[in-house]
Protein chains: 2
Amino acid sequence: MDVAAFVEANKGAFFADLKEWLAIPSISGDPARADDVRRSAEWLANYLRGLGFPTVEVWETGGLPSVFAEWPAADPEAPSVVVYGHHDVQPVEPLEEWDTDPFVATEKGDRLYGRGTSDDKGQVFFHTLGVRAAMAAAGTDAPPVTIKLLVEGEEESGSAHFPDLLREHRDRLACDAVIISDTTMWAADVPSMCTGMRGMAEAELSLYGPDTDLHSGSFGGAVPNPLHALVSMLAALHDDDGRVTLPGFYDGVIPLTDRERELFAKLPFDEEQWLRTAGNSGAAYGEKGYSTLERIWARPTAEINGMWGGHIGPGGKTIVPREAHAKVSFRLVAGQEPERVHEAFRAWVAEHTPEGVRAEVTIPGGGVRACFSPIDSPGVLAGRRAMERAFGTEVLFTREGGSGPEADLADILQAPLVFVAVGLNDDRIHAPNEKVEMPLLLKGAEAAAYLWEELATALKADAR
Amino acid sequence: MDVAAFVEANKGAFFADLKEWLAIPSISGDPARADDVRRSAEWLANYLRGLGFPTVEVWETGGLPSVFAEWPAADPEAPSVVVYGHHDVQPVEPLEEWDTDPFVATEKGDRLYGRGTSDDKGQVFFHTLGVRAAMAAAGTDAPPVTIKLLVEGEEESGSAHFPDLLREHRDRLACDAVIISDTTMWAADVPSMCTGMRGMAEAELSLYGPDTDLHSGSFGGAVPNPLHALVSMLAALHDDDGRVTLPGFYDGVIPLTDRERELFAKLPFDEEQWLRTAGNSGAAYGEKGYSTLERIWARPTAEINGMWGGHIGPGGKTIVPREAHAKVSFRLVAGQEPERVHEAFRAWVAEHTPEGVRAEVTIPGGGVRACFSPIDSPGVLAGRRAMERAFGTEVLFTREGGSGPEADLADILQAPLVFVAVGLNDDRIHAPNEKVEMPLLLKGAEAAAYLWEELATALKADAR
């Protein structure tokens, strides 16, 4: 029985089991649901034991538990692969906007509605079918690579304990690649793989002038106004081409290859439609020389997220204000280090602060490194072959503009990321009426089944 | 008996009477004190009747009353002069910081402490002694000009009803000059006259981008950010020389004459000391080519008074915000019209708003015109001669950076302003322990006495 036939033969049980898991309201952001998240972990652990995973453990953290399951390859020299997903889900409010109970997974045509169907229980679950299909098709009782499933329980509430968990279990999680199944494809008929996620650096800038608000009649026009200093400085943070002016900001940035740009350009992108999803933004605008998709996926940015100072209540108050503030964040791409961006920002502020104004820069955290897998890397090529075998068509590439715990996985486990996922952007994750396309979950299971033999070959060849 | 001797001979009664008036807590900003403000008006009206003013009336407004008193010149062809002051006072909080009861005027050496001693009852009161001294010295029972005292009751709470009062009584207030006795001299040993006050135009600018805050990972760097638009626009509101870039902003501005700059430069100005009063501002900064005093007195400005948008609470929120706002005000000088500045700002915003951003400009009111009396105008020259006769030394010139009801007096009565006042900047008006220098009040009375004959000559000559 080949992979496709196995998936087809087992799909009834697959969806029945998935619905049982989806019924557990594992909302990690709601303290009242902590027991449900634990129940979800136990349910998954039991299910994986039932499938035959030789090792299944619930890993406690300072918060809510992750599930770890390992199925070693028959060949002790075979590569190891971590598969990442999460079993916690988003809150469901506003409940009245759901057409069905969010925790009673409901089929309508090809769609399965319910919280977690796409993000991320459904996508974790296709691996359980995939690994069985792979072994059934090969007639073996072990996969061609050692599979280490790691299913987090706090992704939707910020993954606060995940980096520590990775560091604690670094040895047991040692691997040659990390498969991420928590993203989307371009469209149901345009299968694609994510190859990178932007990182982040954040800073808060405060400027201080007089030690009290001054009457602008008595002093206006003769002393520095911190708001003037703020607008002058922040206006100079971009040049006329929309490029960030921090010295060294672009040093080390891995440029888009011609091949990547060519493949991005193959995606059927409707900019007018995209602008509508962008809050009806009035125009596409950004760094010169790049398309919208290139800008949000592959180019670093500086963004003012908030700004305040002086009189912000109703009515007028004609003052020279004592202080001005801005929150700034930088989206980073591969090759940039958050710490270096923080330092560059501090230096830039020191250099650009006008006389008579005092500046303070606060860095709220260490930032997040971007993650990136070149499209010609062995893992990505193997993933793409697996996806193309499942979908029977060319698989294109995307990236994501923001990032979750993926950068930690890559950094702490020191392994390349390969994104294999079948969610869609219209799955309404984090919103009422979340759904998944059931045929895509089955394609995901197929792709996952092919993935192990493709990776076994690619990573072994790579290691040689 | 000459003027100086008359003043000297009557100073005891003068201060005794003044103290009686000062005992009335005529705080116009405190609704609970409305009756006291009315009592203050009645007290003054009775006092002026007692002095012999042929006409004394309490003029009701939509709020608190003004006092009007007229003493016609003997010569029906003589010029008429309005004398402006106010009988209401500032609140006295924090009471615990007063060394004496604010409403028990208390002498300490040459100083008289109490609310209203300098601002403005004391300065109104020196005119009562001055007019009697003038007539006593001339041996007449009428002044050489028709004197029209107008003593407002709402100056400290915004003069809301004053323009209407002026318009209502425009005929009876018809005059050839308006004497303002509600300002300060440079120093006790550097007598000076104010010759202008800056006006004002205000605007609020709102910029709108996406119709909701956007995730900066998904959209950052590819759609316009209203905060970026705001900083770019407002940074461009000044050029590198600190000049305002609104087209036509400086059209019609009456330039400082060499003589004015020369006289300003004679004032003993300690910039370090001034910066300390400017909230310990770190540097003098403003339009190139002008001194600090010139900048705050005689040059128009644009000032950002407040600015806000995006996430301004604690912590980070990596968004492209939907909107950005700024409150901007312009200090105006003679020759500028608030309406034209409003229009210029609207046009400038329309021209500078980037694509994809929508701008709204709100103009909260009609603004305030600057007031200005050239130093070589007949009224100012007459006032200066009167001051120089009283003080026995050269009188210099200042201006004020902000403005009160003076612009309305000049505009509605269509008469030049002449500032004759003897307050000092260290009188702590609006603060605890307000005081006045008693010898300066007596010099004020002397100057007021000389003023009428100086004005009679100057204005008659001017009319010819």
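In the predicted model, the side chains of strand 17 of chain A are split between two directions: A:Leu396, A:Thr398 and A:Glu400 point one way, whereas A:Phe397 and A:Arg399 point the other way. In a regular strand the side chains alternate between the two faces of the sheet. Residues on both sides of strand 17 of chain A are buried, the charged A:Glu400 and A:Arg399 included. The strand, which spans residues 396–400, is thus mostly covered, with five of its five residues buried. Strand 17 of chain A runs parallel to strand 9 (residues 192–197) of chain A, and four bridges join the two. Within this pairing, A:Phe397 is the bridge partner of A:Met193.

Both of these strands lie within the bounds of domain 1 of chain A, which is made of two segments, 3–197 and 370–463. Domain 2 of chain A is likewise assigned as two segments, 199–253 and 300–362. The centres of the two domains, taken over C-alpha atoms, are separated by 41 Å. Contact between them involves six residues of domain 1 of chain A and seven residues of domain 2 of chain A. On the domain 1 side, the touching residues comprise three nonpolar and three polar residues, with no charged residue.

A second sheet-forming region includes strands from both chains. Eight strands are arranged as an open sheet in the order 15(A)-10(A)-14(A)-12(A)-12(B)-14(B)-10(B)-15(B), with antiparallel pairing. Strand 15 (358–362) of chain A and strand 15 (358–362) of chain B form the edges, each pairing on one side only. On average, neighbouring strands of this sheet are turned by 25° against each other, direction ignored. Helix 6 (residues 226–235) of chain B packs on the sheet and touches strands of both chains: strand 12 of chain A, and strand 10 (199–208), strand 12 (301–310) and strand 14 (323–332) of chain B. The direction of helix 6 of chain B makes about 15° with that of strand 14 of chain B. In chain A, strand 12 (residues 301–310) and strand 14 (residues 323–332) pair in the antiparallel sense over eight bridges. A:Gly306 is found opposite A:Lys327 of strand 14 of chain A.

The arrangement of the chains was also examined. Chain A can be laid on chain B with an RMSD of 0.1 Å by a turn of 180° and a shift of 0.0 Å along the axis. The two copies are therefore related as by a two-fold rotation axis. The same surface serves both copies, as 99% of the contact residues of chain A recur in chain B.

Methods: Residues are numbered from 1 along each chain as its sequence is written. Chains are lettered from A and ligands numbered from 1 in the order in which they are written. This is a predicted model: local features need pLDDT of at least 70, side-chain atom pairs count only at pLDDT 80 or more; totals for chains, interfaces and linings use all residues. Copies are superposed by least squares on the C-alpha atoms of residues with pLDDT of at least 70 in both. Two residues are in contact if their C-beta atoms, placed from the backbone, lie within 7 Å. Domain bounds come from an automatic or database domain assignment. Two strands pair if DSSP finds at least two bridges between them. Axes are lines fitted to C-alpha atoms, for helices over the stretch in contact, and angles run from 0 to 180 degrees between N-to-C directions. A residue is buried if 20 or more other C-beta atoms lie within 10 Å of its own, exposed if 12 or fewer, and partly exposed in between; C-beta atoms are placed from the backbone.
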